[in-house]
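Biologist: Pull up the model, would you? I'd like to go through the labels and hear what stands behind each of them.

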Amino acid sequence: MNTPSSGNDKSQGLNGWDTLAERAPESLMVTVWRRFRRHPGAMAGSLVLFLSVMSIVLASASPYDPELSEISRKLQPPSLEHPMGTDPLGRDLLTRVLYGGRISLTVGVLVVLITLLIGVPVGAVAGYFGGWIDNVLMRITDAALSLPSLLVLILLSAMLREMELPFVQRNNVMTIALVIGLLSWMTVARLVRAAFLTIRELDFVTAARCIGTSNLGIIVQHILPNSVGPIIVDSTLGLGYAILEESGLSFLGFGIQPPTPSWGNLLSNAQAHMTRHPWLAIFPGLMIFLAIISVNYIGDGLRDAFDPYKVLQKVGEV
Amino acid sequence: MGRYIVRRLLQAIPMLLLISIVLFGLVNLAPGGPLAGHSRSRQVNPERAERLKRQFGLDQPIPVQYVVWLIGNDWMKIDLDGDGIAESRGVRQGILRGDFGFSFQTREPVLKEIAQRLPNTVYLMACTLAVVLLIAIPVGIISAVKQYSSFDILVTTFSFMGQAIPEFWFGMILILIFYAWLHNPFTGQPLLPAGGMYTLGTGFSLGDRVRHLILPVSMGALTWIAWYSRFLRSSMLDVIHRDYIRTARAKGLSDRRVMYRHALKNAAIPLVTMFALDLPYLFAGSLYVELLFSWPGMGRLYYQAAVKRDYPVLMAILIIAAAFMIVSNLLADIAYAYLDPRVRFD
């Protein structure tokens, strides 16, 4: 077995091992999907989320304009023409809720991307190299975690809104996403670091190092793909938080500015009228609630599906 | 243990300094400077604006401003009249000596503003936390002990929903139901008040205070109850299947005794840690609750300062809140190590 020629020659290997190797192992994603499918909450959540994304994508098909006011039909209660009623400026609330969802979900997805963009490299470098680099990066992470996040969120969005920066200049969506992202990468960084700390000690990493793979190669090709489970689960739950935080900021008036609708500022505008026109307050909040609960259920399902203990049980079954 | 605490406290100092530098930089990065909002809000002629700037020390470069903010300027001379000659002695003492400066809005010392608001926030948050613990702990225990019972399923569903409801929306719905829709059948008044700490113009009455607390406390408590009960349930479940619980059962102890003496004690450790981490809310309060119910507390003070760009107030609340966060982190670690001897210092 130790002669160089036999290593490449598969047909002459040990017979018993051969048959095992021929059965292609089920890929991780297939396993995860098979288990995810059995989680009723996660499937319901996916369905709701899919439907909301579809209707939000198709929002342009609405016969009403989301920002153009039509005073003659202001504050109408829900009806067939206006399923969610109309707002104080006579705009169709359903149309505004759909367009608002577009904004809220965009911010959510952007936040997750920014979080990954910062958190994954920080965690990977800290966990892989260890030593003083790890120390410095983790102290910075600790410091960021010690910030009173809602207070800083308000401060940052109040400041950034008036600053002239490339890319984010006056662009509400990008500004808000950047602000929330800058304050939420820490959990991802810690998760990735923890995964790297365990995986870097495994034999296949040593093997990769022996054949001369560069540090970057080991990090990107070997360790990262093996720590993808917790990252996906955390990103899903992070999407829910991002939606919640965006709506909160917009509710406080520090987020998306009217007339552009977002779920948060729709609620904020509803405050003055809600006692007599409750539909203004009920529907946008219901949408936030539905979006977050479906994302949370999906995250829950993914967590179960990625759980390594259940993977082991599965191997035991075979 | 004493050495460990001292070391952690010493580590906290550079971290607080780092945080304060970052926060100070952020606050002062905005274009137009802190007086931008000030000069917009009232008729201030440029000359007077210049004078104000010098008074607040805003003509100095930001690093100098930071140092003055931190340790004061009573040891150096400053140029008040703008002739380029530093002639008057500074009067600020810096936050290290407890001088957080004056609010731009009210011209009152920042600490006085905070002292006026803080008791209201502590009062509200203490009531909220008490309600959270009183409900979440029994609910968490029962749903773990009776896992998969209908009560447990109900609680799990509820806590999932509680975590997904935006706090401010829940508050609005509460106002809608208990203020706008439901009325007291005898007086025709709304069932519960939707704002303030007590009815203005009446003497102190306990009933009135409690009525004003019900909605804000319910609003603030919901998410926490959801979190805490779910958390306690899962840590109870974790403990229940351990060997020492089986041993206790095998010795013939009653179910009650096993649950409360053996299981709960161990399951509560993470909960204590979590509670310690949440203590900073006693200081900063819940912004949404205070805004929605016009509660004159810290959260609302901060919100107003952010809207009006009252930088000294913003900085003071931010830095004190950050210090609270660090201290409560430390408290959580100490509590954990104290309650769980398996965790050792260093």
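**Reading the labels**

Modeller: Sure, and keep in mind that this is a predicted model. Chain A has a secondary structure of 15 helices and 0 strands, while chain B comes to 14 helices and 2 strands.

Biologist: How much of each chain counts as buried?

Modeller: For chain A it's 40% of 318 residues. In chain B, buried residues make up 32% of 346.

Biologist: How do you know how chain B stands against a compact globule?

Modeller: By its radius of gyration: a compact globule of 346 residues would have one near 20 Å, but chain B has 26 Å. The C-alpha trace of chain B spans about 90 × 65 × 35 Å along its principal axes.

Biologist: And what share of the contacts in chain B joins residues 24 or more positions apart?

Modeller: Counting contacts with a separation of 6 or more, 64% in chain B. The corresponding figure for chain A is 68%.

Biologist: On to the interface. What makes up the contact between the chains?

Modeller: Chain A puts in 30 residues and chain B 33 residues. On the chain A side, the elements giving two or more residues are helix 6 (131-145), helix 7 (149-160), helix 12 (228-252) and helix 14 (279-306). By class, that side of chain A has 22 nonpolar, 6 polar and 2 charged residues.

Biologist: Which residues have the most contacts inside the largest nonpolar core?

Modeller: That core has 135 residues, and the ones you're after are A:L151, A:L155, B:L314, B:I317 and B:L318. Helix 14 of chain A gives the largest share of this core, 16 residues. There's also a second, separate core of 15 residues, which includes A:W185, A:L191, A:F196 and A:I223.

Biologist: What does A:L155 touch?

Modeller: Leaving out residues up to four places away in sequence, A:L155 touches B:L26, B:V27, B:A306, B:L314 and B:L318.

Biologist: Why does the span of helix 7 of chain A agree with what's expected?

Modeller: Because its 12 residues, at 1.5 Å a residue, should span 16 Å, and the end C-alpha atoms are 16 Å apart. Helix 7 of chain A is also mostly covered, with 10 of its 12 residues buried. Among them are A:L150, A:L151 and A:S157.

Biologist: Why is B:I71 called partly exposed?

Modeller: B:I71 has 16 other C-beta atoms within 10 Å. Buried takes 20 or more and exposed takes 12 or fewer, so a count in between is partly exposed. B:I71 lies in helix 4 (residues 62-71) of chain B, and it touches B:G94 and B:L96, not counting residues up to four places away in sequence.

Biologist: Why is B:Y148 called exposed, then?

Modeller: With 9 other C-beta atoms within 10 Å, B:Y148 falls under the limit of 12 or fewer, so it's exposed. B:Y148 is found in the loop between helix 5 (110-145) and helix 6 (150-164) of chain B.

Biologist: What is its phi?

Modeller: B:Y148 has a positive phi of about 70° although it isn't a glycine. Most residues other than glycine have a negative phi. B:S294 has a positive value too, with phi near 35°.

Biologist: What kind of peptide bond joins A:P258 and A:P259?

Modeller: A cis one, with omega about 10°. A:P259 sits in the loop between helix 12 and helix 13 (263-270) of chain A.

Note on methods. Residues are numbered from 1 along each chain as its sequence is written. Chains are lettered from A and ligands numbered from 1 in the order in which they are written. This is a predicted model: local features need pLDDT of at least 70, side-chain atom pairs count only at pLDDT 80 or more; totals for chains, interfaces and linings use all residues. Two residues are in contact if their C-beta atoms, placed from the backbone, lie within 7 Å. Helices (H or I, at least four residues) and strands (E, at least two) are DSSP runs, numbered from the N terminus. Ala, Val, Leu, Ile, Met, Phe, Trp, Tyr, Cys and Pro count as nonpolar, Asp, Glu, Lys and Arg as charged, and the others, Gly among them, as polar. A nonpolar core is a set of buried Ala, Val, Leu, Ile, Met, Phe, Trp, Tyr and Cys residues joined through C-beta atoms within 7 Å. The radius of gyration is taken over C-alpha atoms; the globule rule is 2.2 Å times the number of residues to the power 0.38. The expected span of a helix is 1.5 Å times one less than its number of residues.
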